[in-house]
Amino acid sequence: MTTKWVIANWKMNHLRAEASAFCEAFRADYKARPGVEAGIAPSFPLLPGVISQTETTGAKVFGQNAHWEPKGAFTGAVSMAQLKDAGCHGVILGHSERRQFFNETDDSLVKKLQAAWEFDLLPVLCIGETLTQRDAGFTLDVLRQQLSVLERTGHGPLVVAYEPVWAIGTGRRADATQIEEVHAFIREDLWLTFGDAGREIPILYGGSVTPDNFEEILRIPHVAGGLVGGASLEAGKFLRLLKQAQESN
Ligand code: PEP
C-alpha cells in the first residue's frame, strides 16, 4: 500500500474565524487511517490556531514557504526554525506562485531544501510547466531543470508535487495521459538522482483537483495524492478528497 497524501494549500485565504470553523468541521469528521496523510498549509498567522485545533486528528501542518536563514535581518520573512518551533511538520517550496510573483529561483530552492532538512521539516517541492512551455514541447525539459536542484542539495525526506501552472486555479486539470507521462518521467528522474530511495518519494499531482476528478487521478501510476488549492478551502470538500484517498488504497 502506497501512502496517499492530500495537502490543502490555502494560499492567502481565510481569516481566523474561517480557519477555526474549518478545523472544527474537520476535527468532527476526520478519521485518520493508515496509508493516508492529511496536510494543511495555512498562511503564517493562522498556523498556531490550526496546529492546536487539529492536534488530535493526526493532520500535519505545513508552511507555504520559508527563508533559508535561521534568523536575522530579513524583514517580512519567516524561517524554517520558526516553522518548526510553531509545530509545523513541513513546508511547501517552489510553488509556481512563488516562482512567478516572488522571484523564487533554483538557487534559493537549493538553500531552502537544505534548511528544511536541517530543521527537520518535510519539504514539498513543487514543479510544473507553463502553457507556453507545454505548447512549445518543452514540458519535460522544464521539469528536468526544476528537478536538477535535487542534485545540489544532498538527500533528505521529500515530497514532490507536479503542478502544471496552466492547471492551477483554472478549472482545467491535466488529463490522465499528461499526468501519467509526467509522473513516470519524475519517478525516473528521482531514481537517477537518488537510486532506490528515489522510488519511495511521493509524487503528488496538483492543479484544479476536486472531488469530481480526484478518484480518476488517484488511479494513475505514480500518483501518491494531491496538492489542492481551491477545493481545499471548504472542510466538506477536503474531507471528501481524504475519503477518496483512503478508498483508493
Ligand atoms: C495549488 O495552489 O497548489 C493548486 C493546485 O491550486 P488549485 O487546486 O486551486 O488549482
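The following exercises, each with a worked solution, concern a predicted model.

**Exercise 1. The surroundings of the ligand**

Find how many residues surround the ligand, and sort this shell by class.

*Solution.* Begin with the count: the ligand is surrounded by 14 residues, and the closest are Lys11, Glu163, Gly169, Ser208 and Gly229. Then go through the shell class by class, which gives four nonpolar, eight polar and two charged residues.

**Exercise 2. Polar contacts of the ligand**

Which distances separate oxygen atoms of the ligand from polar atoms of Asn9, Lys11 and Gly229?

*Solution.* Take the side chains before the backbone. In the side chain of Asn9, an N or O atom is 3.2 Å from an oxygen atom of the ligand, and for the side chain of Lys11 the corresponding distance to a ligand oxygen is 2.6 Å. Since a polar contact requires a pair of N or O atoms within 3.5 Å, the distances for Asn9 and Lys11 can be checked against that limit. Turning to the backbone, a polar atom of Gly229 lies 2.8 Å from an oxygen atom of the ligand. As a last step, consider the ligand's surface: on its own the ligand has 290 Å² of accessible area, of which the protein covers 96%.

**Exercise 3. Following the chain from S2 to S4**

In what sense do strands S2 and S3 pair, in what sense do S3 and S4 pair, and which helices belong to the crossovers between them?

*Solution.* Start with strand S2, residues 36-41, which pairs with strand S3, residues 60-63, in the parallel sense over two bridges; here Gly39 stands opposite Lys60 in S3. Between these strands the chain passes through helix H2, residues 47-54, and this β-α-β crossover is right-handed. Continue with S3 and strand S4, residues 90-93, which also pair in the parallel sense over two bridges, with Gly90 in S4 as the bridge partner of Phe62. Helix H3, residues 80-86, completes a right-handed β-α-β unit with S3 and S4.

**Exercise 4. A salt bridge across the chain**

Which residue forms a salt bridge with Lys84, and where in the chain do the two partners lie?

*Solution.* The structure holds 14 salt bridges, and one of them joins Lys84 to Asp120, with the closest N and O atoms 3.5 Å apart. Next, locate the partners: Lys84 lies in helix H3, whereas Asp120 lies in the loop between helix H5 (106-118) and strand S5 (122-127). The pair, 36 residues apart, therefore links distant parts of the chain.

Definitions and conventions
Residues are numbered from 1 along each chain as its sequence is written. This is a predicted model: local features need pLDDT of at least 70, side-chain atom pairs count only at pLDDT 80 or more; totals for chains, interfaces and linings use all residues. Side-chain values use heavy atoms; hydrogens and water are left out. A residue is near a molecule or strand if one of its heavy atoms lies within 4 Å of it. A polar contact is a pair of N or O atoms within 3.5 Å; within protein, one must be able to donate a hydrogen and the other to accept it, and residues adjacent in sequence count only if both atoms are side-chain atoms. Accessible areas come from the Shrake-Rupley method with a 1.4 Å probe; for residues, only the protein chains shown count as cover. Ala, Val, Leu, Ile, Met, Phe, Trp, Tyr, Cys and Pro count as nonpolar, Asp, Glu, Lys and Arg as charged, and the others, Gly among them, as polar. Two strands pair if DSSP finds at least two bridges between them. Helices (H or I, at least four residues) and strands (E, at least two) are DSSP runs, numbered from the N terminus. A crossover is right-handed if, with the strands pointing away from the viewer, the path from the first strand over the helix to the second runs clockwise. A salt bridge is a side-chain nitrogen of Lys or Arg within 4 Å of a carboxyl oxygen of Asp or Glu.
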